[in-house]
Amino acid sequence: MIKSILNIQDLFGEDGLKVIDKNNRIIRIQATYFVVVNPNSEAKQYTREQVLRMNDAINSELNHLNLSVLSGEYSGYSIEFDLIFRESETELDATLSAAELEGYGNVLSVGKNSNEKNKKNFFKIREDSEGNVYEIGGITSWHKHIIMNTLYSDFENPDNMYYLIHEIFHTFGFEDATKTGRKNGIMNYPPEKPNKEDSQEIADSVFFKTVDL
């Protein structure tokens, strides 16, 4: 167990760990997400059962992509994901748990959308190149606190899974394609599967705390 102190005021969101396994030529990304399951919340949250399934679903999806690094210091290294999702009763509990974790923690919850009556929507409305209007799938504050739009929160629906993974990559320090100018990959919108450029960004990133084995 690698022990670290996480400050709740970590505004740069450096809440992931990049473990470099030089013997096996693997970069392993580790992070923990405290998922709000409070049924009395303003928006419908994930269930405890969904949180349990999230551990396998998200890690399996990412690891089955067989991502690897193309160039640089870690050229040829495989990238593996070891993400942990744990239930938390309230958003406050999730935030405190993330701050106290011996390692690095993030918060995941669900927010209201424009289809829910008498609720102010806070997900941006966008228009694609063909003039179609849509809401974004989620927001991530300070690369740390994910709030999913209920329209896209069902991660077990193949059409929705990459909206959640897109937000998870924000907690890795990634920025939207609209800011970087990239035309494809996980930070594009709608999100696409992570690709070789995303792999290279993980390998080169100084956002993560890095540990060499």
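1. A residue is called buried when its relative accessible area is under 20%, exposed when that value is over 50%, and partly exposed in between. E87 has a relative accessibility of 41%, and therefore counts as partly exposed. The same cut-offs apply to the burial statements below, all of which concern a predicted model.

2. On the overall architecture, the protein chain contains five helices and nine strands, and their order along the sequence is β-β-α-β-α-β-β-β-β-β-α-α-α-β. Of its 213 residues, 49% count as buried. Among contacts with a separation of 6 or more, 65% are between residues 24 or more positions apart. The accessible surface of the chain is about 11,100 Å², and carbon and sulfur atoms contribute 48% of that surface.

3. Strand β2 deserves attention, as several points of the sheet meet there. With 10 of its 11 residues buried, β2 is largely enclosed by the rest of the structure. Its pairing with β1 is antiparallel and rests on five bridges, one of the positions being L17, whose bridge partner in β2 is Q30. The pairing of β2 with β3, by contrast, is parallel and extends over 11 bridges, and here A31 has L83 of β3 as its bridge partner. As background to any reading of these strands, side chains in a regular strand alternate between the two faces of the sheet.

4. The connection between β1 and β2 is a hairpin with four residues between the strands, and within this hairpin R25 adopts a positive phi near 55 degrees. A colleague inspecting the backbone may wish to look at this residue together with the antiparallel pairing that the hairpin joins.

5. The structure holds seven salt bridges, and two of those that involve helix α1 can be described together. E87 and R48 form a salt bridge in which the closest N and O atoms are 2.7 Å apart; this pair links distant parts of the chain, since E87 belongs to strand β3 and R48 to helix α1 (residues 48-63), 39 residues apart. R48, at a relative accessible area of 35%, is partly exposed. R48 and E87 are also joined with E89 in a network of salt bridges.

6. The other salt bridge to α1 is between the side chains of E156 and R53, with an N to O distance of 2.6 Å. E156 sits in the loop between β8 (145-149) and α3, whereas R53 is in helix α1, and the two are 103 residues apart. Both ends are partly exposed, E156 with a relative accessible area of 38% and R53 with one of 39%.

7. A further salt bridge joins the side chains of K179 and E175 at 3.6 Å, N to O. Its two ends fall into separate accessibility classes: K179, at 64% relative accessibility, counts as exposed, while E175, at 30%, counts as partly exposed.

8. Aromatic packing is represented by 11 aromatic pairs. In one of them, the rings of F169 and F174 have centres 5.1 Å apart and planes at 85 degrees, so the pair is edge-to-face; both F169 and F174 are buried. Another pair, F172 with F208, is tilted, with 5.7 Å from centre to centre and 45 degrees between the planes. Because F172 lies in the loop between α3 and α4 (177-180) and F208 in the loop between α5 and β9 (209-212), this pair ties together parts that are 36 residues apart in sequence. F172 and F208 are likewise buried. Ring pairs connect these four residues with F81 and F207 in a cluster.

9. Helix α5 (residues 196-204) has D198, S199, Q200, I202 and A203 as buried residues, and the elements that cover them include β1 (17-21), β2 (26-36), β3 (78-88) and α3 (161-170). At its N-terminal end the helix is capped by N195, a side-chain oxygen of which lies 3.1 Å from the backbone nitrogen of E197.

10. Finally, where does K124 lie? K124 is placed in the loop between β4 (105-111) and β5 (125-127), and it counts as exposed, with a relative accessibility of 57%. Beyond its neighbours within four places in sequence, K124 is in contact with Y134, E135 and I136. The C-alpha atoms of K124 and I136 are separated by 5.8 Å, although the two residues are 12 residues apart along the chain.

Definitions and conventions
Residues are numbered from 1 along each chain as its sequence is written. This is a predicted model: local features need pLDDT of at least 70, side-chain atom pairs count only at pLDDT 80 or more; totals for chains, interfaces and linings use all residues. Side-chain values use heavy atoms; hydrogens and water are left out. Buried means under 20% relative accessible area, exposed over 50%, partly exposed in between (1.4 Å probe, protein chains only). Contact means heavy atoms within 4.5 Å. Accessible areas come from the Shrake-Rupley method with a 1.4 Å probe; for residues, only the protein chains shown count as cover. A polar contact is a pair of N or O atoms within 3.5 Å; within protein, one must be able to donate a hydrogen and the other to accept it, and residues adjacent in sequence count only if both atoms are side-chain atoms. Two strands pair if DSSP finds at least two bridges between them. A salt bridge is a side-chain nitrogen of Lys or Arg within 4 Å of a carboxyl oxygen of Asp or Glu. Rings of Phe, Tyr and Trp (its six-membered ring) pair if their centres lie within 6.5 Å; planes under 30 degrees apart count as stacked, over 60 as edge-to-face and the rest as tilted.
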